[in-house]
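Biologist: Please take a close look at the salt bridges of this model, beginning with whichever side chain is best used as a starting point. I would like one connected account that also covers the backbone and the burial around them.

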Amino acid sequence: MEKLLLLADEAIALGALDGGLSGVYAYPGTPSTEITEYIQQSPQGKASEVHCKWSANEKTAMEAAVGLSFVGKRAMVCMKHVGLNVAADPFMNAAVTGINGGLIVLSADDPSMHSSQNEQDSRFYGKFALIPVLEPSNQQEAYDMAYEGLELSEKLGRPILLRITTRLAHSRSGVIRKPCKPQNAMKMPANKRQFILLPAIARGRYAELLASQDKFQESSENSVYNTFTDGGNKQTGIIAAGIGYNYLMENFPQGCPYPVLKVGQYPLPLKPIEKMAAECESIMVIEEGYPLIEDAIRGMLPPKKPIIRGRGDGSLPRQGELNPDIVAKAFGIQKTEGKPMPEVVKMRPPALCQGCGHRDMYAALKDVVAEYTQAKVFGDIGCYTLGALPPYTAIDSCLDMGASITMAKGAADGGLHPSIAVIGDSTFAHSGITALLDAVNENSPITVIISDNETTAMTGGQDSADFGKIESICRGIGVPENHIRVLVPLKKNYEEMKQVIREEIEHNGVSVIIPRRECVQTLKRKKK
């Protein structure tokens, strides 16, 4: 088969397509976005009529993927790590229902928080849900795991969690394709009550999930992704997971002198770990994210023998990404460092694009807010979050998707006035609608600014689920018609914008202001 140079994201997309995928469901989130985009642009996907539209959020994506699996088709759902929090309810319950068609849940973690609020490790979700987890160490494995993971899901009868990290997702390597599999024909579940989680049925399904753990363990013990390579120096044994294995081997191009267990499938394979523990004085665990493996083997092995080292005991840094140099330092390997960065080179933090409508919105908002002694502006997730930085420093919070409106409501409940929320159009569709409904139901005295650039700009300009519908949604929820104000954020409208913001702040109830101007980046692409 042909060999292609692919990002791991692209390799996963192609592997799933070649593996008989019928549909991908996702909400854009770095570093997972390119998977769905690759399928959307793929002639193979179009010819096969693979479903690849964006979902309103990760929860709806997860539920739709389970629905596709229900009718026997192979499905994949993609999100970043914090998106798995949003999808957690159907994710956990899908582990109990099991699957009919193969189902891969792709979660892309972001250690070092390049574009995220936290560093959480999705492997814990797999452990929490009691389902198998796959973690590739390179782009070829990323392809293989997507290609074979759909069939593995059907073999084991449960969803498979596929976990990648930023550095792997956004780096390229050669990938050899495998023969394309046909899509599954539609077939209904043999057990008509499988997906009905009434308590009496759910107890039985959960008992089956628990009984399947031995099967998952056997699959892991025999997995081609879990390999043990013996070494002559038994002073240290090494367990390296995912991309951590690549970082290790870059430091030992002629072969590692220590015994190495490469982990790519969970639950952890116990036999090689027990062998390593019996033969080695210490074990070094190299894993991206939290010390999941380190803590697990520390709990299963005798105390203090062997000595367990890794991110948990400080042998490797607890925070941020690993890299080959960090791993080298842990083994006492000297690395040549480049020249220090000259002082004349200054860091350039991200900033709102020149000509962005958010800029004009923030300029007007900041001037009005300065007229009040207690005003607070609750922000949200999107490119407009950059309003927290100079020259605007215009928002006072950024917690999670949709939190701006509910935090503003809670602050207003505590007596804050004015209490203002700033949220983008895509984030409003994702999780702001129900928050606004809470505010309307209590007629909370808050001002909600939905800064509408008519796209999901932060992740590259994907379709926004509420495009052309925001006013209708607000009316349908119950926001008074005369307090839904639409503006064009331009400098020539500066005084009008300030006056509208003042008027709606003084309204004793819920008001919505919609500054609307197309994202300058998507506009440029359209003109091209």
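Modeller: What follows starts with one arginine and its partners, then moves along the chain to a second pair and to some backbone features.

The model is predicted, and local features are reported only at pLDDT of at least 70, side-chain atom pairs only at pLDDT 80 or more, while totals for chains, interfaces and linings use all residues. Residues are numbered from 1 along each chain as its sequence is written, and side-chain values use heavy atoms, with hydrogens and water left out.

The structure holds 33 salt bridges, each being a side-chain nitrogen of Lys or Arg within 4 Å of a carboxyl oxygen of Asp or Glu. A good place to start is Arg163, whose side chain forms a salt bridge with Asp109, with 2.7 Å between the closest N and O atoms. Arg163 belongs to strand β6 (residues 160-165) and Asp109 to strand β4, so this contact ties together parts of the chain that are 54 residues apart in sequence. Strands here are DSSP runs of E with at least two residues, and helices are runs of H or I with at least four, both numbered from the N terminus. Arg163 and Asp109 are both buried, a class that means under 20% relative accessible area, whereas exposed means over 50% and partly exposed lies in between (1.4 Å probe, protein chains only).

Arg163 also meets a further carboxylate, that of Asp121, in a salt bridge with an N to O distance of 3.3 Å. Asp121 is found in the loop between β4 and α7, while Arg163 is in strand β6, so this pair joins parts that are 42 residues apart in sequence. Asp121, like Arg163, is buried. These contacts belong to a wider arrangement, since a network of salt bridges links Asp109, Asp121, Arg123, Glu135, Arg163 and Glu287.

The loop that carries Asp121, between β4 and α7, is also where Met113 is found, β4 spanning 103-109. Met113 has a phi near 50°, a positive value in a residue other than glycine, and with a relative accessible area of 32% this methionine is partly exposed. The loop thus holds a buried Asp121 and a partly exposed Met113.

A second pair worth following sits between two helices. Asp367 forms a salt bridge with Lys498, the closest N and O atoms being 4.0 Å apart. Asp367 is placed in helix α16 and Lys498 in helix α20 (residues 494-506), so the pair ties together parts that are 131 residues apart in sequence. The two partners fall into separate burial classes: Asp367, with a relative accessible area of 35%, is partly exposed, whereas Lys498, at 11% relative accessibility, counts as buried.

Helix α16, which covers residues 357-369, also contains Arg359. Arg359 is buried, its relative accessible area being 17%. The C-alpha of Arg359 is 7.9 Å in space from that of Gly387, and the two residues are 28 residues apart in sequence.

Further along the chain, the peptide bond from Pro390 to Pro391 is cis, with omega near 10°, and Pro391 itself lies in the loop between β14 (376-378) and α17 (403-413). A cis peptide bond is also present between Thr30 and Pro31, where omega is about 10°; here Pro31 is in the loop between β2 (21-26) and α2 (33-41). Both proline sites are therefore in loops, as the definitions of helices and strands given above assign them.

Positive phi occurs also at Glu454, where the value is about 65° although the residue is not a glycine. Glu454 is located in the loop between β16 (446-451) and α19 (470-477), and its relative accessible area of 28% makes this glutamate partly exposed.

To return to the starting point, Arg163 contacts Asp109 at 2.7 Å and Asp121 at 3.3 Å. The other pair described, Asp367 with Lys498, has its closest N and O atoms 4.0 Å apart, a value to be read against the cut-off of 4 Å used for a salt bridge.
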